[in-house]
Amino acid sequence: MNIIKVKNYEEMSQKAAEILLDKVRQSPKMNLGLATGGTPVGLYRELVQDHQQNGTSYTQVKTFNLDEYVGLSGDDPNSYRSYMNEKLFNHVDLPRESTFIPRGDTNNPGQECTDYEALLKNHGGVDLQILGIGSNGHIGFNEPGTSFQSETHVIELTASTREANARYFNSLDEVPTHAITMGIASIMRSKEILLLVSGESKREALAQLMEGEVNENFPASILKTHPCVTIIADEAALGKLAI
Ligand code: PGA
């Protein structure tokens, strides 16, 4: 894993945008894997700003999001579809039909998972996957204990993940209990991975990733076996970690 040390969240977002934009300019037909949560907000802000100032175009890009809450429709303000619309899709020239996110309001989540995995394969897979990390080491919504062989599946969210995400909802009770997530194997098929880590709350997870063993109890640890991972981490997340 290649690690890039940056000062703070702002610099992390700028560096991530630089790497992503280089790829999009080199390969305008690329498949981008996208993440939600607090971490990539700054990256999306940078992409929107670049689109407005420099006109980088996404008309031929396809995007595949990692996950979606089960039970929320795309119109729900807390769905990841709404998040992506608001943070990125509404502000760049990416055709809406080229943006893929699992459907959370399906009445057959199992089928949705099979369909989503097939969709990824039929499009030739993800070229560059943006990832955040949960404080428990989850990637996507693959919580500790998820098989490294897993493909897109339904997962029950852990109490700590629901609590971490409750800040976006009116109350903890409203946070969905389940999500559809790309599996660990699906994520690992991405040709290249960019992991963003910012803030003191991620310090322990980053230390565990850098110094711990590859183990299903810490999902992100599998990234050590991927041939092309870049981590962009800020000083608060790195702490005293020697890199
Ligand atoms: P965060 O979540 O970006 O909101 O910290 C990251 C994650 O849970 O993967």
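**Reasoning from a predicted model**

Colleague: Which residues is tyrosine 44 in contact with, leaving aside its neighbours within four places in sequence?

Modeller: In this predicted model, tyrosine 44 touches Leu34, Ala35, Tyr83, Met84, Lys87 and Leu88, once neighbours within four places in sequence are left aside. Each of these counts as a contact because heavy atoms lie within 4.5 Å. Tyrosine 44 itself is found in helix α2.

Colleague: Why is tyrosine 44 counted as buried?

Modeller: The cut-off for buried is under 20% relative accessible area. Tyrosine 44 has 0% relative accessibility, so it counts as buried.

Colleague: How many of the eight residues of helix α3 are buried, and which ones?

Modeller: Helix α3, residues 80-87, is mostly covered, with six of its eight residues buried. The buried residues are Tyr80, Arg81, Ser82, Tyr83, Met84 and Asn85. Two of these, Tyr83 and Met84, are also contacts of tyrosine 44.

Colleague: What covers the buried residues of α3?

Modeller: The cover includes strands β2, β3, β4 (67-69) and β5, together with helices α2 and α5 (159-165).

Colleague: What makes β2, α2 and β3 a right-handed unit?

Modeller: The term applies when, with the strands pointing away from the viewer, the path from the first strand over the helix to the second runs clockwise. Strand β2, helix α2 (residues 41-54) and strand β3 form a β-α-β unit of that hand.

Colleague: How do you know that β2 and β3 pair, and in which sense?

Modeller: Pairing requires at least two bridges between the strands. Strand β2 (residues 31-34) and strand β3 (residues 62-65) have four bridges, in the parallel sense. Within this pair, glycine 33 lies opposite phenylalanine 64 of β3.

Colleague: How many bridges join β3 to β5?

Modeller: Two bridges join β3 to strand β5 (residues 99-100), and the strands run parallel. The criterion is at least two, so the pair qualifies. Threonine 63 stands opposite threonine 99 of β5, and phenylalanine 64 has phenylalanine 100 as its bridge partner there.

Colleague: What is the order of the seven strands in the open sheet?

Modeller: The order is β1-β10-β9-β6-β2-β3-β5, with parallel pairing. Strands β1 and β5 stand at the edges, each with a single partner strand, so one side of each has no neighbour in the sheet. Helix α4 (residues 109-122) packs on this sheet and touches β3 and β5; its direction makes about 145° with that of β3.

Colleague: Where is isoleucine 4, and which residues is it in contact with beyond its neighbours within four places in sequence?

Modeller: Isoleucine 4 belongs to strand β1 (residues 2-6). Its contacts beyond that window are Lys15, Ile19, Thr230, Ile231, Ile232 and Ala233. The C-alpha atoms of isoleucine 4 and aspartate 234 are separated by 8.5 Å, although these residues are 230 apart along the chain.

Colleague: Which strands form the open sheet of three, and what is the pairing?

Modeller: The order is β4-β8-β7, and the pairing is antiparallel. Strands β4 and β7 (153-156) are the edge strands, each pairing on one side only. The twist averages 30° from one strand to the next.

Colleague: How do you know that β8 pairs with β4 and with β7?

Modeller: Strand β8 (residues 178-181) shares three bridges with β4 and four with β7. At least two are required, so both pairs meet the criterion. On the β4 side, aspartate 67 stands opposite threonine 181 and glutamate 68 opposite isoleucine 180. On the β7 side, histidine 153 also stands opposite threonine 181.

Colleague: How many helices and strands does the protein have, and why is it called as compact as a globular protein of that length?

Modeller: There are eight helices and ten strands. The radius of gyration is 17 Å, close to the 18 Å that the globule rule gives for 243 residues, so the protein is as compact as a globular protein of that length. The C-alpha trace spans about 45 × 40 × 35 Å along its principal axes.

Colleague: What percentage of the residues count as buried, and how much area does the protein expose?

Modeller: Of the 243 residues, 54% count as buried. The exposed area is about 10800 Å², of which carbon and sulfur atoms supply 45%. Among contacts between residues at least 6 apart in sequence, 78% join residues at least 24 apart.

Key:
Residues are numbered from 1 along each chain as its sequence is written. This is a predicted model: local features need pLDDT of at least 70, side-chain atom pairs count only at pLDDT 80 or more; totals for chains, interfaces and linings use all residues. Side-chain values use heavy atoms; hydrogens and water are left out. Buried means under 20% relative accessible area, exposed over 50%, partly exposed in between (1.4 Å probe, protein chains only). The radius of gyration is taken over C-alpha atoms; the globule rule is 2.2 Å times the number of residues to the power 0.38. Accessible areas come from the Shrake-Rupley method with a 1.4 Å probe; for residues, only the protein chains shown count as cover. Axes are lines fitted to C-alpha atoms, for helices over the stretch in contact, and angles run from 0 to 180 degrees between N-to-C directions.
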